[in-house]
Each structure stands twice: as C-alpha cells, then as structure tokens.
Amino acid sequence: MSGRGNLFVISGPSGVGKGTLVSMLKDAEAAWVSVSATTRHPRPGEVDGVDYLFMDKQDFLHKADDGGFLEWAEYSGNCYGTPRDTVESHLEAGEDVILEIEVQGALQVRGSMPEAHLVFIEPPSMEELEARLRGRGTESEEAISKRLQAAKVEMDSKMKYDYVLVNDDIESAFEELRGYMEQER
Ligand code: 5GP
C-alpha cells in the first residue's frame, strides 16, 4: 500500500439508510469506519465504543477545546464529533476511512481536508423519508419532527457534495457507492 488512505465522508438526512450502507461497506471491508463521540443517550442495543463513544457534555466540550475532534457539531440537541487521532492513524497507515456524519461536520472536513470525498445520500422523496423514520420506531414523535426539520435544511446542502446518490433500493445504492469509491481511489 502506498501513501495515505482516502477519506470518504457520508451524509444524508436521518432515516435515509446511510447507517445500513455504511455497515454494508464495513462488512465488505471496503474501509475503516470511524466511531464518533456523542452526548446523545444510547438507544437500546447500542454499545459504547462500538456504535458510539458515549460521553457527557462536559467531557465532550473539553475534548473539543483540546482540538481532539477533526470536526464536531450540534445536531437535534446533542453533540457529535469525530475523534481526530484514530482517523489520522488509519489514514497514515494507508487505510481508507469512512465518516458517517451530518452536514455541518462534513463541511468542516471539507475546509480542513480538501482532499476528502463527500457523498450525500438522499431519499427518493420527503414522504418516503418520513415513512422510513416512523417505521424505524426508535424516535419519539418530537424527535421525528426535529429530524424531519433538520432533513429539509440538510437537503439544501447536497450541492456542496462531490457525489449525490439516491437510496431507492439498498442493494443498488450500495453498488453505486462502492463504484464511486473505487473510482476515487
Ligand atoms: P443518530 O443520533 O441518529 O445516531 O445521529 C444523528 C446524526 O448525527 C446523523 O446524521 C449522523 O450521521 C450524525 N453524526 C454521527 N456521528 C457524527 C460525528 O462524529 N460528527 C457529526 N458532525 N455528525 C455525526
């Protein structure tokens, strides 16, 4: 392997299926997937250190002040951030890295690492997104409307990404995403 790995940043509204796509990439060993820190409470079944590094707000803000995050943002009332050191060490080792993060964070990465490849996953329609969010059954009604509100703002940023992909069918979205990554390597 020669040189640094590639950094792929994947964003899209909550419920669009980006988590599923990222775990398919992980299973295919297409790249190393960064584990983010968050102040959000774990959902049932989520494991600390695997799904997220769950932190309280004070520790999170300390780490942010110390420059410990490559990017971080507030989303839907909670803080989320990408630990800088693990991403750096994987890139240094020549491995490709995937960040699954929201739009504000992705644009921070664009500023600090212009060589990053930014991919936006969009739903076939807003109605379909709402149906998927409700179907998931993990969020309260209030959280669902916050996320739908955030989705509208996020969709306005899709033109700032290098590649936009519609997740209509998960298998074809996965193939398309892998094809894009291959081409950028
Ligand atoms: P969830 O609460 O559904 O797990 O995540 C909410 C949003 O935060 C999603 O859009 C997810 O991609 C984003 N997110 C997860 N980790 C990070 C991170 O490290 N940084 C940023 N900026 N967003 C993140």
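**Close-up views of the ligand site and a salt bridge**

**View 1. Lys18 approaches the ligand.** In this predicted model, a polar side-chain atom of Lys18 lies 3.4 Å from an oxygen atom of the ligand. Arg43 also reaches a ligand oxygen atom: a polar atom of the Arg43 side chain is 2.8 Å away from that oxygen.

**View 2. Glu102 faces a ligand nitrogen.** Here the partner on the ligand is a nitrogen atom. An N or O atom in the Glu102 side chain lies 2.7 Å from that nitrogen. How much of the ligand does the protein cover? On its own, the ligand has 510 Å² of accessible area, and the protein covers 95% of it.

**View 3. The ligand sits in a pocket.** Of the pockets in the model, the ligand occupies the largest. Two elements each give two or more residues to the shell around the ligand. They are strand E5 (69–75) and strand E6 (78–83).

**View 4. The shell of residues around the ligand.** The ligand is surrounded by 16 residues. The closest are Ser36, Arg40, Tyr52, Tyr80 and Glu102. Which classes make up this shell? Sorted by class, the shell holds 7 charged, 5 nonpolar and 4 polar residues.

**View 5. Glu92 and Arg4 form a salt bridge.** Side chains of opposite charge can pair when their charged atoms come close. The whole structure contains 15 salt bridges. One links the side chains of Glu92 and Arg4, with 3.1 Å from N to O. Glu92 belongs to helix H3 (residues 84–92), while Arg4 is in the segment before strand E1 (7–11), so this pair ties together parts that are 88 residues apart in sequence.

Definitions and conventions:
Residues numbered from 1 in each chain as written. Predicted model: local features only at pLDDT ≥ 70, side-chain atom pairs only at ≥ 80, totals over all residues. Heavy atoms only, no water. Near = heavy atom within 4 Å. Polar contact = N/O pair within 3.5 Å; in protein donor to acceptor, adjacent residues only side chain to side chain. Areas by Shrake-Rupley, 256 points an atom, 1.4 Å probe, with all protein chains shown as cover. 1 Å grid on protein atoms, 1.4 Å probe; cavity = no way out; pocket = protein on both sides within 12 Å on 5 of 7 lines; lining within 4 Å. Sits in = over half its atoms within 2 Å of the grid points. Helix = DSSP H or I, 4+ residues; strand = E, 2+ residues; numbered from the N terminus. Nonpolar A, V, L, I, M, F, W, Y, C, P; charged D, E, K, R; others polar. Salt bridge = Lys/Arg side-chain N within 4 Å of Asp/Glu carboxyl O.
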